[in-house]
Amino acid sequence: MKQTQTIFILGILLSFVSCRFTKPNYHLTLQEAESRYETIENIKYKLDVHLTTNESFVGKVDIQFVGKKIRDLRLDYFQGSIKSIVFNEEPLNDFEYQNGQVLLPSNRLMIGNNTVSISFETPYAKTGNGLHKFVDPDDKETYVYSQFEAFHANKMFPCFDQPDLKATFQLQVRAPKNWKVISSTLPTAVNQTENPNELSHDFPESKKISTYVFSLHAGPYQVWEDKFESIPLRLFVRKSLSKYVDPKDWFLFTKDGFAFFNSYFGIPYPFEKYDQIIVPEFNFGAMENVAAVTFSERFVSRSIMTRSQRENLSDVILHEMAHMWFGNLVTMKWWNGLWLNESFATYMASLAQAKNSEFQETWISFFEKMKQWAYEEDSFSTNHPVEAKVNDTEEAFTQFDGITYGKGASVLKQLVFFIGEESFQKGVQNYLRKYSYSNSTLSDFLKELEFVSGFSMKKWSKDWLETKGTNQIELTTICADNHLYGKIVQSAQGPENKFRDHKTNLGLYYFDLTNQSLRFEEFPVVYSGRSSEAIIPLSTCPNFILVNAEDHDFAIWKWTNTNQKDLEYVLEHDKDPMRKLILWTDYFRQVTLANLTFDEFKESAFRLYKTESDTKIKRWILSRLASDSGSSYFTSRFWFPENKRNEGIESLQTFLLEELTKAKAGSDEQRYLLLSLVDSSYTETNQKRLYEILENKLTFPGFKVDQDLRWNIITKLSSLEKDRSKIQSIIEREKKLDPSSRGVNASLAAEAAEPNAKVKEKWIQILLNPKSSSYSTSTLRVVSYSLFPEYQKDIQLQFLDLYFDALDQFQHTDDENYLDAFAKSMAPDFCTDETLLILKKFTGNHPKLPAAVKKTLFKQIDLEGKCIQMKQKHKSLVEM
């Protein structure tokens with residue numbers, strides 16, 4: 001089989017042809033944005049929109065602006081129909097409209113006041129960008145919502161779509177009379193129209209905001225209302241999903257946020273109300289539209305939410321609320337400053353949780369999620385500085401990554417450790433006051449921090465924000481004469497990396513073997529350059545040393561001569577979950593660096609899981625053992641021959657079942673164990689057990705298999721079952737029991753997961769032509785991620801040529817969310833040298849692929865290289 005696969009793959013290499021692409025000219029370049037900023041100012045939009053349930057909507061936009069220079073002026077508008085343009089009170093009959101641009105000629109532009117009125121018709125989007133339309137399969141009701149970041153306001157109406165051309169917006173919307181209509185302000189009037197089935201909603205002029213945070217949402221939403229001090233609060237969700245929403249948590253977390261941010265920022269909430277709208281088919285977690293935040297329906301659980309889910313909801317609510325100040329009140333000038341929005345919102349959400357919420361474990365979650373995302377993203381060849389160079393709005397999409405969110409927030413945490421919380425807060429307050437309702441740059445922010453702290457921000461910025469890469473550190477110590485002599489050696493891999501100034505905590509453990517316990521103390525240490533030394537006076541020598549004990553630093557600890565027995569002693573007896581998770585993560589990193597095998601990690605994990613009391617750490621361990629995607633013990637079994645593979649999987653399943661019998665009834669741990677059992681099922685015995693769980697023949701005390709988990713089990717079984725009669729009847733039965741949009745998508749995912757090349761062919765053809773498909777981008781994304789599980793690589797291999805041909809056909813104007821999902825979900829990840837060669841060959845021959853596709857492929861090259869190294873580490877075990 002291996003020899004056949006190699007021949008087949010090498011054959012594909014010979015079939016590659018030159019890249020066919022359309023020169024990108026829709027996306028706005030930095031140079032165009034700068035030129036337009038120099039040309040106009042003081043923009044006001046008056047927008048009149050007529051919403052119906054048809055496939056498109058009509059509208060008129062009147063734009064007032066002040067001209068500063070006489071030159072041709074670009075107006076952005078993507079793939080709509082322009083009925084008429086009146087420019088400075090005269091019809092513009094011979095206007096140029098192509099490639100998403102309307103050209104307003106210089107001979108009509110005036111220094112001073114200008115007006116342009118445009119009547120237009122725009123198709124509703126099904127990509128989640130622009131004005132998206134969704135028809136609920138449950139009750140056939142229609143909902144629309146907008147998503148404009150980074151360059152999508154022009155997919156709804158003609159505008160000057162760049163962040164530093166802030167404007168006021170006045171809105172009038174005609175819509176069906178049973179629809180709620182939501183925007184940045186509260187309507188001043190709702191009136192009857194000539195159509196008795198419609199109402200007109202009049203919204204007053206907004207404050208000055210950027211186009212990407214203006215919004216419009218409408219539909220027969222369920223609404224709950226509350227108030228924080230004088231701020232009206234509203235929560236919206238579509239009617240069929242409302243029974244699963246607990247507004248108490250949403251309003252509690254919202255009030256927690258307002259109480260903290262109003263005080264911390266020293267500026268009261270700057271807008272008149274605060275709406276949160278849970279919308280279907282959303283591409284992201286949430287979006288910080290001014291006073292009308294949109295959230296993915298992923299935050300609505302059809303079962304009782306775990307504490308982790310509630311914590312995550314609180315975090316996202318606080319993240320988006322922080323944007324009302326960082327991003328909406330003060331906005332970056334161009335997309336290179338995206339971190340000024342996202343890094344701050346990420347850091348501030350965790351700070352708000354730590355200071356004013358029930359989730360005191362927030363910094364542990366920050367380390368587990370954001371910090372590790374940052375480390376991983378910074379390890380790829382596609383990494384970039386936090387303050388990145390962004391040439392155009394196509395590249396802007398690629399900046400929404402672990403560096404902009406996770407690394408930026410992590411280095412802010414490091415900065416606070418250097419200059420102190422009080423100085424940081426004062427600097428932030430000064431910055432927000434100075435640049436309210438305007439745009440700012442990196443230097444604007446640094447000046448305010450340096451003024452209050454006296455800390456040299458120029459070097460810090462060069463090190464941490466303007467240079468890419470992560471430092472690795474090695475620690476060597478000698479303990480003698482009641483002193484600990486430590487030396488930290490810093491390395492900077494990559495040609496653009498550099499040595500940075502760091503401040504960290506060294507944690508010292510002292511073992512009490514008689515009483516099976518330990519004592520801990522920590523010392524702050526500053527290090528810089530290639531090598532730094534420190535001397536710490538002690539009463540006795542430590543048994544074990546932990547680097548970056550409270551996770552204030554951003555650096556990879558490179559282990560040298562770590563004593564496995566001592567490590568496991570700490571993991572078993574330390575009571576602090578943050579320290580233990582740092583150690584667990586560094587331990588697992590040794591596997592991904594090919595210094596340890598998954599089998600060695602599994603043995604420690606099995607033993608220590610039994611003694612662990614913290615649910616968050618238990619969930620983390622389970623994800624590294626049983627996840628059916630990415631790097632885990634389970635996925636690594638597919639490097640092994642069938643008999644060894646099944647033996648390893650059965651041992652994992654036995655462990656999970658044993659722990660399930662001991663888990664507290666109805667606990668979060670019980671749910672995590674059952675999800676892990678499903679994810680790591682593969683053998684015939686495993687499949688039989690899943691059927692028993694699905695049909696309630698095998699139950700666990702206090703645990704109910706809810707509808708979403710049922711679909712999870714069904715999709716897994718469908719991906720394994722070659723005899724289709726039984727599973728197919730279950731799929732059909734479940735589709736009738738759950739006609740919701742989640743049920744529809746889950747049934748399609750279950751179909752796509754079938755181990756049948758003809759079924760794959762059907763779905764791949766649909767995925768190749770998303771514009772001609774009746775499915776939304778959201779549905780296609782669900783399908784694509786179910787198409788080729790780890791154990792269907794032999795089928796995926798047959799479609800590699802189709803995959804690469806499709807990438808060759810995609811355009812720079814195609815929806816970036818879809819391109820990203822398609823490229824990721826079907827990327828060849830066979831963990832072979834042949835795959836690596838294919839990917840390198842293809843990317844080398846196709847330098848002008850869409851930015852989202854190019855970044856995904858380069859990251860996949862890196863992942864294949866890492867996987868090959870890990871696999872090689874297991875070679876002796878595989879061949880035994």
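This is a chat about sheets, rings and a few unusual backbone spots in a predicted model.

Student: Hey, can we start with the sheets? What's the strand order in the open sheet of five strands?
Tutor: The order is β16-β17-β18-β20-β19, and the pairing is mixed.

Student: Mixed how? Which ways can strands pair at all?
Tutor: Strands of a sheet pair through backbone hydrogen bonds, and they do it either parallel or antiparallel.

Student: OK, and which strands are at the edges of that sheet?
Tutor: Those are β16 (222–228) and β19 (286–287), and each of them pairs on one side only.

Student: How many bridges hold β16 and β17 together?
Tutor: Seven bridges, with β16 and β17 (residues 231–237) pairing in the antiparallel sense. If you want a spot to look at, find Gln 222, which stands opposite Val 237 in β17.

Student: Which helix packs on this sheet?
Tutor: Helix α3 (residues 247–265) does, and it touches β16, β17, β18 (274–279) and β20 (292–296). The direction of α3 makes about 35° with that of β16.

Student: Cool. There's also an open sheet of three strands, right? What's the order there?
Tutor: That one goes β26-β25-β28, with antiparallel pairing. β26 (517–527) and β28 (544–547) each have a single partner strand, so one side of each is left without a neighbour in the sheet.

Student: How much are neighbouring strands turned against each other there?
Tutor: By 20° on average, if you ignore direction.

Student: And how many bridges join β25 to β26?
Tutor: There are 11, and the two strands run antiparallel, with β25 covering residues 502–512. One partnership to look for is Phe 511 with Leu 518, which sits in β26.

Student: Switching topic: aromatic rings. How many aromatic pairs are there?
Tutor: The count comes to 74 aromatic pairs. One of them is Phe 588 with Phe 601: the ring centres are 5.0 Å apart and the planes are at 70°, so this pair is edge-to-face.

Student: Why does 70° make it edge-to-face?
Tutor: Because planes over 60 degrees apart count as edge-to-face, and the planes of Phe 588 and Phe 601 are at 70°.

Student: Where do those two residues sit in the chain?
Tutor: Phe 588 is in helix α13 (residues 577–592) and Phe 601 is in helix α14 (residues 598–609), 13 residues apart.

Student: Are they buried or exposed?
Tutor: Phe 588 counts as buried at 8% relative accessibility. Phe 601 is buried too, with a relative accessible area of 0%.

Student: What about charges sitting over rings? Which ring does Lys 503 sit over?
Tutor: The charged end of Lys 503 is over the ring of Phe 417, 4.7 Å from its centre. There's also Lys 726, whose charged end sits over the ring of Tyr 691, 4.0 Å from the centre.

Student: Last topic, backbone oddities. What do most residues do?
Tutor: Most residues other than glycine have a negative phi, and most peptide bonds are trans.

Student: So which peptide bond is cis?
Tutor: The one from Glu 149 to Ala 150 is, with omega near 5°. Ala 150 lies in the loop between β10 (142–147) and β11 (167–176).

Student: And where is phi positive?
Tutor: Asn 99 has phi near 55°, and Tyr 437 has phi near 60°. Asn 99 lies in the loop between β6 (96–98) and β7 (101–104), whereas Tyr 437 is in the loop between α9 (421–434) and β22 (438–440).

Student: How accessible are they?
Tutor: Asn 99 counts as partly exposed at 38% relative accessibility, and Tyr 437 counts as partly exposed at 28%.

How values were computed:
Residues are numbered from 1 along each chain as its sequence is written. This is a predicted model: local features need pLDDT of at least 70, side-chain atom pairs count only at pLDDT 80 or more; totals for chains, interfaces and linings use all residues. Side-chain values use heavy atoms; hydrogens and water are left out. Rings of Phe, Tyr and Trp (its six-membered ring) pair if their centres lie within 6.5 Å; planes under 30 degrees apart count as stacked, over 60 as edge-to-face and the rest as tilted. Helices (H or I, at least four residues) and strands (E, at least two) are DSSP runs, numbered from the N terminus. Buried means under 20% relative accessible area, exposed over 50%, partly exposed in between (1.4 Å probe, protein chains only). A charge sits over a ring if NZ of Lys or CZ of Arg is within 6 Å of the ring centre and within 35 degrees of the ring normal. Two strands pair if DSSP finds at least two bridges between them. Axes are lines fitted to C-alpha atoms, for helices over the stretch in contact, and angles run from 0 to 180 degrees between N-to-C directions. Contact means heavy atoms within 4.5 Å.
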